[in-house]
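Please read the following account with the sequence and the model side by side. It moves from overall figures to one sheet and then to single residues.

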Amino acid sequence: MTSTSVIGTTFFGLDVSRLRDSLQLFGRRISRSTLLIEFAPGMLQIAEAKPRSHGIEIKHLSRIALPDGALDRAIPADPALMAQLLLELCKEKQIVSHRAAVVLPTELAFQRMIKLPQSLSVADARSFLLDPNNGVALPFPLAQTDFDLTPMQLQSDSADQQNTYQLTAVPDTFVDPIISMLELSGFELQKLELGVFSTLRCIKHEVMKLSRMEVCFILDFSSESTLVTMVGSSGPIDSERLATTREFPRFELSANESDQIIERSKSLEELTIENDRYLPVSEMDLRAFFRDFKNVMAGFLQRFPGLKPSKIYLTGDGSAHPDLPALLQNKLNLPVKQIRPLLADRIRDWSVDEPLLLVGLSRLVGLGLSLLPNDSRGPKSASLAEFACDPNSPRATCKGTIKSEILETL
């Protein structure tokens, strides 16, 4: 079935195309929905998020494979072409919104634990870092990035007279193309986040249960690598990339199977596992990963002595293997849990436009959850980035300092 525009281009021979365009623009302006955008190597994922009673609805979950050269380190190489693609996708899916939120790969950011004088407030600490006379050694000029500091609730030496912060900085060269793309497509940038912060929002209440010296590990299995992030109750502490493990296969689906997924009677994970060609992941497949992960975990704990690992969370397309949690748990002697983003608290409804692995939606779904007001029953959830329009900018760009996800009680 094809849909026909209610307002055509002519009415009794009169050209009404401008009226149609004006009504469409008005519809975008009054819409309460937000376009969610996720960039990752070789692909773009989008969805529409709408507020609902005590939660949010996420519709039109879609993945678009991009040609070689469309992205440069997961950033649009040509903002104008990507802007046109966004507009065409929104028109096709009838997404009417003027706001957009974007999540980027965590690997694009520079993250480091630093110590600053205890006498500084968080705001003063930011100014302290920007002053080159204070002698904080960084590998790049901080003024050329969007950055923020997250106070970390780690053990402290009272004689040290210093506080520990997590510095997160994204170079302007990564942020500017995103801003240009959204300007060209008529979207207002509402949020900009790194993937790890979005993923954390899906398990926020569980992370809040960690004691001051407990940490958990998030393993994000993608087709190119596995990102290992150590997380404490106040947020990410350290991360490292490992080689990828065996991918979860993608078999060709029949029309009936695709319909089952879209209608939510079956998941892509279930249909793949039921396929005769599917081979379960084995301990042999993970031998190299076990060795590398144990080395990474030992390195983390050596840099941050006294921290106690408590749990491992799995996300990403590669985590869809059903035997993976048990294999990891038996080998690493830690509880292992798969993150199921669409079962997160305050997700009221959702729909997919095409077959997708649900375990690979943590970043996009977590980004949608960032649009909700803070839950007075639980921890605060500040966005990673809040942009303020600068009227003095020659491009009128909306650009600002990254504001990190801080997990803290009210």
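The paragraphs below describe the protein as a whole, then a sheet and its surroundings, then some loop residues and cysteines.

This is a predicted model, in which local features need pLDDT of at least 70 and side-chain atom pairs count only at pLDDT 80 or more, while totals for chains, interfaces and linings use all residues. Residues are numbered from 1 along each chain as its sequence is written, and side-chain values use heavy atoms, with hydrogens and water left out.

The protein has 11 helices and 20 strands; these are DSSP runs numbered from the N terminus, with helices (H or I) of at least four residues and strands (E) of at least two. Of its 410 residues, 50% count as buried. Here buried means under 20% relative accessible area, exposed means over 50%, and partly exposed lies in between, computed with a 1.4 Å probe and protein chains only. The exposed surface of the protein comes to about 20000 Å², and carbon and sulfur atoms supply 51% of it; accessible areas come from the Shrake-Rupley method with a 1.4 Å probe, and for residues only the protein chains shown count as cover. Among contacts (heavy atoms within 4.5 Å) with a separation of 6 or more, 70% are between residues 24 or more positions apart.

In what order do the five strands of the open sheet lie? The order is E15-E14-E13-E16-E17, and the pairing is mixed. Two strands pair if DSSP finds at least two bridges between them. Strand E15 (235–243) and E17 are at the edges with a single partner strand each, so one side of each has no neighbour in the sheet. On average, neighbouring strands of this sheet are turned by 20° against each other, direction ignored. Axes are lines fitted to C-alpha atoms, for helices over the stretch in contact, and angles run from 0 to 180 degrees between N-to-C directions.

Strand E13 (residues 214–221) runs parallel to strand E16 (residues 308–315), and seven bridges join the two. In this pairing Glu214 has Lys308 of E16 as its bridge partner, and Cys216 has Lys311 of E16. E13 also pairs with strand E14 (residues 225–232), here in the antiparallel sense and over six bridges. E13 and E14 form a hairpin with three residues between them, and Asp220 has Leu227 of E14 as its bridge partner. Why is E13 described as largely enclosed by the rest of the structure? Seven of its eight residues are buried, so the surrounding structure largely encloses E13. In a regular strand the side chains alternate between the two faces of the sheet.

Helix H10 (residues 324–332) packs on this sheet and touches E13, E16 and E17. The direction of H10 makes about 160° with that of E16. The loop between H10 and E17 contains Asn333. Phi of Asn333 is near 60°, a positive value in a residue other than glycine, and Asn333 is exposed, with a relative accessible area of 66%.

Lys337 lies in strand E17 (residues 336–338). Its relative accessibility is 34%, so Lys337 counts as partly exposed. Leaving aside neighbours within four places in sequence, Lys337 is in contact with Glu206, Lys311, Ile312, Tyr313 and Leu314. The C-alpha atoms of Lys337 and Ala326 are 9.1 Å apart in space, and the two residues are 11 residues apart in sequence.

Outside this sheet, a second positive phi is found at Gln94, near 55°, again in a residue other than glycine. Gln94 is in the loop between helix H2 (79–93) and strand E8 (99–104), and is exposed at a relative accessible area of 54%.

Pro132 belongs to the loop between helix H3 (122–130) and strand E10 (145–151). With a relative accessible area of 71%, Pro132 is exposed. Pro132 and Leu142 are 10 residues apart along the chain, and their C-alpha atoms are separated by 9.4 Å.

What remains is the cysteines. Cys90 is buried, with a relative accessible area of 6%, and Cys216 is buried too, at 1%. How many disulfides are counted? With a disulfide taken as a pair of cysteine sulfur atoms within 2.5 Å, the count comes to zero.
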